[in-house]
Structures are given as C-alpha cells and as structure tokens.
Amino acid sequence: MRVLVVEDERMLADAIAEWLREETHAVDLAHDGEAALERIAVNDYDVVVLDRDLPRVHGDEVCRELVSSERDARVLMLTAAAQLDDRVTGLSLGADDYLSKPFAFPELAARVLALGRRSRPAVPPVLRRAGITLDPARREVFRNGRFVPLSKKEFAVLAELMRAGGTVVSAEQLLEKAWDEHADPFTGAVRLTILKLRRKLADPPVVETVPGVGYRLP
C-alpha cells in the first residue's frame, strides 16, 4: 500500500516509516501540514498517518481538507491527547481511526493494514489466484503449495497484481503503490522486479505482459 506519514517529530516519523516499510508498504513523509497537503494533492494514498499537532497547517485542517477532497485515503490520527473528548473530536473531523501517543509500533502497523483494506474494494484477507496464495498479514507466498521467498518490492508488486483480479496493472500504477515518491518514473525498477518475480514463481509462467499496457495475472 501507499502510506503518507505526517509527523513533525522527525525521529518518530522516521521510525514509523521504517516500521511500515518493513511491512512492505511504500511510505512518504511530511513534517508539517502544508507539506502534507502538497503530497495529498499529487499522490493517491491508501492511508494517511496524521499527527494532530502540526506546524504551518494544523492536523485537524489537513484532515478536513482530505475528507472534503473525497479521496479514498483513510486517516489514522495520532495525538498525545488521550481524553475521550479529544478522540471524539478527531473522529468527528472525518478520521477513520485514532491512536494515542505513546503507542506500540505493531499496533500502528495492524491498524494501517486494516484501514488500507477499507480504502479499496473488499478483498479476502488471503489472496488466491493462478495457483498462488498470498497472505498479507503473514507476508507469505505459496505457489501450488511451495513457499516462495520474495523481497519486499516483489511481494508488494505481486499483491497489487493479485488484487487487480485479472485486470491489467500498468507500470505507473505499480510505481504508485509499491514505491515511494522518490522513485524515478523512467527507471526500469518495475520491469526488473517483474523479471525477478517470474523467476521465483517458476514455471509455468504466470505473470503476463500486455505490450504497451502493463502486467496481469490471468
């Protein structure tokens, strides 16, 4: 999934991003509300992890703007304020979930994953297609009962192809969901990752190339 972490405490922001990347998500960072709004305007995020107390533009205003834009991104609001009134206020702004600081990273990651599922059309927790079984929670892939060890990017790309349900996914869409904002759109990263993925999934070939369009799992 593509996640935006908006947190002005840079060490905490980096720690959250590192943890979520370990979970195979593509993560962008913003350290103030203004930067967050700029990224939201140009990128499609599945989840926005949003601190309330932000400089330049308050987190509440960022949440309002995101909700009014009618984008599909789900909002997990973070705050040091843990009182009931604070949680109610955050949810009333349009946030989908609320997590008080300090928090445990595994809980944050689990909530991000749950929100990400809600930002897309409903799919089973475990994905199955063309003899492949992919478990996002366990980060495990099997093909015809054989375990397939994948890198984070290979796993993320395969997950996007399986979620597409047989439709074609373009290289640009894969870059959008499996890489962060620093990815070069002219790089061969997607093609190289597809080649490695095909090799690891072994014969018979299962990832199809649709010339000039993208890739799909039939």
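This is a conversation between a student and a tutor about a predicted model.

Student: What does the secondary structure of the protein come to?
Tutor: It comes to eight helices and 11 strands. The protein has 218 residues, and buried residues make up 45% of them.

Student: How much area does the protein expose, and what share do carbon and sulfur atoms supply?
Tutor: About 10,900 Å² is exposed. Carbon and sulfur atoms supply 52% of that.

Student: Why is Thr24 called buried?
Tutor: Buried means under 20% relative accessible area. Thr24 has 12%, so Thr24 is buried.

Student: Why is Asn144 called exposed?
Tutor: The cut-off for exposed is over 50%. Asn144 stands at 64%, so Asn144 counts as exposed.

Student: What is notable about phi at Thr24 and Asn144?
Tutor: Start with the general rule. Most residues other than glycine have a negative phi. Thr24 is not a glycine, yet its phi is positive, about 75°. Asn144 is not a glycine either, and its phi is about 50°.

Student: Where do Thr24 and Asn144 lie?
Tutor: Thr24 is in the loop between H1 and strand E2 (26-30). Asn144 is in the loop between strand E8 (140-143) and strand E9 (146-147).

Student: Which peptide bonds are cis?
Tutor: One runs from Lys101 to Pro102, with omega near -5°. Another joins Asp203 and Pro204, with omega about -5°. Both deserve a note, given the general rule. Most peptide bonds are trans.

Student: Where are Pro102 and Pro204 found?
Tutor: Pro102 is in the loop between E5 and H5. Pro204 is in the loop between helix H8 (189-201) and strand E10 (208-210).

Student: How do you know that the span of H5 agrees with what it should be?
Tutor: Helix H5 covers residues 105-118, which is 14 residues. At 1.5 Å a residue, H5 should span 20 Å. Its end C-alpha atoms are 20 Å apart, so the two values agree.

Student: Which residues of H5 are buried?
Tutor: They are Leu108, Ala109, Val112, Leu113, Leu115 and Gly116. Seen down the axis of H5, the buried residues fall within an arc of 165°, so they line one face of the helix.

Student: Why can residues apart in sequence point the same way?
Tutor: An α-helix has 3.6 residues a turn, so residues three or four places apart point the same way.

Student: What do the buried residues of H5 pack against?
Tutor: They pack against helix H1 (10-22) and four strands. The strands are E1 (2-6), E3 (47-51), E4 (74-79) and E5 (97-100).

Student: How do you know that the span of H1 agrees too?
Tutor: H1 has 13 residues and should span 18 Å at 1.5 Å a residue. Its end C-alpha atoms are 18 Å apart, so that agrees.

Student: What makes H1 a helix with a buried side?
Tutor: In H1, Leu12, Ala13, Ile16, Ala17 and Leu20 are buried. They cover an arc of only 135° around the axis, so they sit on the same side of H1. On the other side, Arg10, Met11 and Glu18 are exposed. The cover over the buried residues of H1 includes E1, E2, E4 and H5.

Student: What is the strand order in the open sheet of four strands?
Tutor: The order is E6-E7-E8-E9, with antiparallel pairing. Strand E6 (127-129) and E9 each have a single partner strand, so they stand at the edges. One side of each is left without a neighbour in the sheet.

Student: How do you know that E7 and E8 pair?
Tutor: Pairing needs at least two bridges. Strand E7 (residues 132-135) and E8 have four, in the antiparallel sense, so they pair. Thr133 has Phe142 in E8 as its bridge partner.

Student: How do you know that E8 and E9 pair?
Tutor: Two bridges join them in the antiparallel sense, and at least two are needed, so E8 and E9 pair. Arg143 stands opposite Arg146 in E9.

Student: Which residues of E8 point to which face?
Tutor: Val141 and Arg143 point to one face and are buried. Glu140 and Phe142 point to the other and are not buried.

Key: Residues numbered from 1 in each chain as written. Predicted model: local features only at pLDDT ≥ 70, side-chain atom pairs only at ≥ 80, totals over all residues. Heavy atoms only, no water. Expected span 1.5 Å × (residues − 1). Buried < 20%, exposed > 50% of the residue type's maximum accessible area, 1.4 Å probe, protein only. Arc of directions from axis to C-beta. Contact = heavy atoms within 4.5 Å. Areas by Shrake-Rupley, 256 points an atom, 1.4 Å probe, with all protein chains shown as cover.
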